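Trainee: Could you take me through one part of this model in detail? I'd like to look closely at the open sheet and then see how the rest of the chain sits around it.

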Amino acid sequence: MERTITGFAEAVRTETIKKLGRDCQITIETKKINNKGVCTRLHIRKKGMEPETLVYLDSYFRQYRNGDMTIPEAAEYVARTSRKKNPSVDIRKFLEYGKVKDRIVYRLINTEMNREFLDDLPYMEFLDLLVVFCCLVMEDDSHAFIWIHNAHMKLWDVTVEELYQSASENTQRIEKPELMDIEEVLYDLMKDEGCSLQENDSSVEEKPGRNKNAGSIEKCSSAVPMYVLSNRERLQGAACMLYPDLLRKIADTVDSSYYIIPSSIHEVLIIPAAGFTDRDRIKAMLCEVNDTQVIP
């Protein structure tokens, strides 16, 4: 029996892939929700123009832990939820640019790991990453989105520069940035996993399912201030790096120049340079994060 929600989520993810097929890409995500703490969900991506789906697992995990639900049953509920959401999207709304312009946002993805998809997607280069675009579909209190393909751009008769201008205005308006102390973020994640973070104690008890990179990050954060930059949804938050003037405002906030370490597509680490000159240590941590944590 899976003891943590992370192990449960991985097991449900594996079973759901069997039900929906290999054309689906399913990832596990966590999100901080006011008054509810950190919640865990599956992010289901499908090929083509179908919107993406988010399914929260916390209630399923409680039933599983109480013996009221099996992992295959949870996966079946997830698969049904994914199938139900797609017909509710009116594709006709996407035929006119004026009707979708205010919902276009951008995302940052890894260039090398997504090269096979680039022939069909409009994109712009950003360092060694790519800026791609999608259109949000609002459904109740959850989000789904449709990737913007070259066919959309041709249909709307717009350029990639126009897409970027719309996305630049919309993304920071819809997905507001948030700069958090890393200890606060780790506390939320460890609490959700049943781990204990003691005040003024740099040690953290090892638990099954614990983020393997947390230990090295905690040790570094005890020596220097560290922050996590993401959006309030903590979803696709690495794109906050693109927000106009935000990086300058962060420098004013931390009163220092700083290093930026992309830890995943959902957030980046901010490490103030003031009083911290050990670049080799930064490079070592960057390599470790890239090898163990970064999601393409």
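Mentor: Sure, and let's fix one term before we start: two strands count as paired if DSSP finds at least two bridges between them. Keep in mind too that this is a predicted model.

With that in hand, the sheet is an open one of 4 strands in the order S8-S9-S11-S10, and the pairing is antiparallel. Its edges are S8 and S10 (258-264), each of which pairs on one side only. From one strand to the next the twist averages 25 degrees. Helix H9 (residues 246-254) packs on this sheet and touches S8, S9, S10 and S11, with its direction at about 120 degrees to that of S10.

Now zoom in on S9, residues 227-231. On one side, strand S8 (residues 177-181) is joined to S9 by 5 bridges, and the two run antiparallel. If you want a spot to click on there, Pro177 stands opposite Asn231 in S9. S9 is also joined to strand S11 (residues 267-272), this time by 3 bridges, and that pair is antiparallel as well. Here Tyr227 stands opposite Ile270 in S11. How enclosed is S9? Because 4 of its 5 residues are buried, S9 is largely enclosed by the rest of the structure.

H9 and S11 lead us on to the packing, as each supplies at least two residues of the largest nonpolar core. That core has 32 residues, and those with the most contacts inside it are Ile104, Tyr106, Phe133, Trp156 and Leu163. Other elements that each give at least two residues include strand S4 (104-110), helix H5 (150-156) and helix H6 (160-174). S6 gives the most, with 5 residues. Tyr106 is a good residue to display: leaving aside residues up to four places away in sequence, its contacts include Val131, Val132, Phe133, Tyr164, Ala167, Leu242 and Tyr243. There is also a second, separate core of 22 residues, with Leu20, Ile26, Val55 and Ala75 among them.

As for the cysteines, the count of disulfides comes to 0. Take Cys134: its closest cysteine sulfur is in Cys135, but at 7.7 Å that is too far for a bond. Cys134 is buried, with a relative accessible area of 0%. Cys24 is buried too, at a relative accessible area of 11%.

Finally, zoom back out. The protein chain has 10 helices and 11 strands, and 47% of its 296 residues count as buried. Among contacts between residues at least 6 apart in sequence, 62% join residues at least 24 apart. The chain exposes about 15900 Å², with carbon and sulfur atoms supplying 48% of that area.

Methods. Residues are numbered from 1 along each chain as its sequence is written. This is a predicted model: local features need pLDDT of at least 70, side-chain atom pairs count only at pLDDT 80 or more; totals for chains, interfaces and linings use all residues. Side-chain values use heavy atoms; hydrogens and water are left out. Buried means under 20% relative accessible area, exposed over 50%, partly exposed in between (1.4 Å probe, protein chains only). Contact means heavy atoms within 4.5 Å. Accessible areas come from the Shrake-Rupley method with a 1.4 Å probe; for residues, only the protein chains shown count as cover. Axes are lines fitted to C-alpha atoms, for helices over the stretch in contact, and angles run from 0 to 180 degrees between N-to-C directions. A disulfide is a pair of cysteine sulfur atoms within 2.5 Å. A nonpolar core is a set of buried Ala, Val, Leu, Ile, Met, Phe, Trp, Tyr and Cys residues joined through side-chain atoms within 4.5 Å.
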